[in-house]
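Trainee: I should like to look closely at a single part of this structure. Please take me through it step by step.

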Amino acid sequence: MSNTTIQIDDKVYNYLLSVSLNEHKALKKLREVTSSMPGSRMQIAPDQGQFMGMIVKMIGAKKLLEIGTYTGYSSMVCAMAMKSGQIITLDNDPIATEVAKTFWKEGEVDHLIDLRLGEALDSLKQLIEEKHSSSFDFIFIDADKANYKNYYELCLELLNPNGIIIFDNVLWSGAVADMDDKSKNTIALRDLNEMLFNDQRIDLSMIPVGDGLTIVRKKQS
Ligand code: CA
C-alpha cells in the first residue's frame, strides 16, 4: 500500500478505462472526429468527462457554465448527465463550435446548450449584467490560461454558494512544478494555483486526473 498517487502508465490507464468508461456512442464519435482537428490537445480525456458528469449528478446541477467549448465534448457529457436544465458555454472559435453543434444534435442534448460566441470576459460580464449572479451550480474553466484568474473572479460572482468550479490543466503536463519553466502559461497557472490555495472564500481539492483538475467549492458567505 502506498500513501501517494500511483503512476498511471498506458497499461494501467487502459485497464482503468476498460473497467470504468461508459461513453455514449455520440461522445466516442466526437472524440474520433476531434482527434484529427487542429487543437485536438484541447479535447478532454473520456475518463475526465465521465468524472465531470458524475459531479453534475452528485450535486444535482441544473445550471452550468463553461468557458472553452471547443468541439463540445465536455458540455455534451455534462448535458447527458444533467438530462434537464441549462448549459451556457462560451468560445470565440466559430469553426470548432460548428462541430460541437452537430454533435449536440446527434447526442440529442442541443436543446440544453446555449453557445455564446465572443470573448469570454465580455460574455461573463454580460451574464452578470443579465442578473445571472449567484445562479450557476457548476462552472468548468478550460480556455486560455493567461485569463484563468480573470475568469475566476467573474465566475465566483456567477456561482451559487456551495457551487463548484472545475479548472482544467492545472498541472500543465507537470511544468508548474519546474521552477525553471518561466513560460507565460506556466507562470499563469502557477500563480492561479497559489492564489486559489490562499483564497478564504473557497474550499478546494486538486486532483491528478487528465492534466490536473482543481475543484473549487464556494463557501456560504
Ligand atoms: Ca484543457
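Mentor: Tyr-148 has a relative accessibility of 0% and therefore counts as buried, the limit for that term being under 20%. Please keep in mind that the model is a predicted one. Phe-167 likewise has a relative accessible area of 0% and is buried. The structure holds 2 aromatic pairs. In one of them, the ring centres of Tyr-148 and Phe-167 lie 5.7 Å apart with their planes at 45°, so this pair is tilted. The partners come from distant parts of the chain, 19 residues apart: Tyr-148 belongs to helix H7, which covers residues 148–158, and Phe-167 to strand S5, which covers residues 159–168.

Phe-167 also pairs with Tyr-152. Here the distance is 5.8 Å centre to centre and the angle between the planes is 50°, and this pair too is described as tilted. Again distant parts of the chain are linked, since Tyr-152 lies in helix H7 and Phe-167 in strand S5, with their positions 15 residues apart in the numbering. Tyr-152 is buried, as is Phe-167. Through these ring pairs, Tyr-148, Tyr-152 and Phe-167 are joined into a cluster.

A ring elsewhere has a charged partner. The charged end of Lys-63 sits over the ring of Phe-136, at 4.7 Å from the centre of that ring.

Technical notes
Residues are numbered from 1 along each chain as its sequence is written. This is a predicted model: local features need pLDDT of at least 70, side-chain atom pairs count only at pLDDT 80 or more; totals for chains, interfaces and linings use all residues. Side-chain values use heavy atoms; hydrogens and water are left out. Rings of Phe, Tyr and Trp (its six-membered ring) pair if their centres lie within 6.5 Å; planes under 30 degrees apart count as stacked, over 60 as edge-to-face and the rest as tilted. Helices (H or I, at least four residues) and strands (E, at least two) are DSSP runs, numbered from the N terminus. Buried means under 20% relative accessible area, exposed over 50%, partly exposed in between (1.4 Å probe, protein chains only). A charge sits over a ring if NZ of Lys or CZ of Arg is within 6 Å of the ring centre and within 35 degrees of the ring normal.
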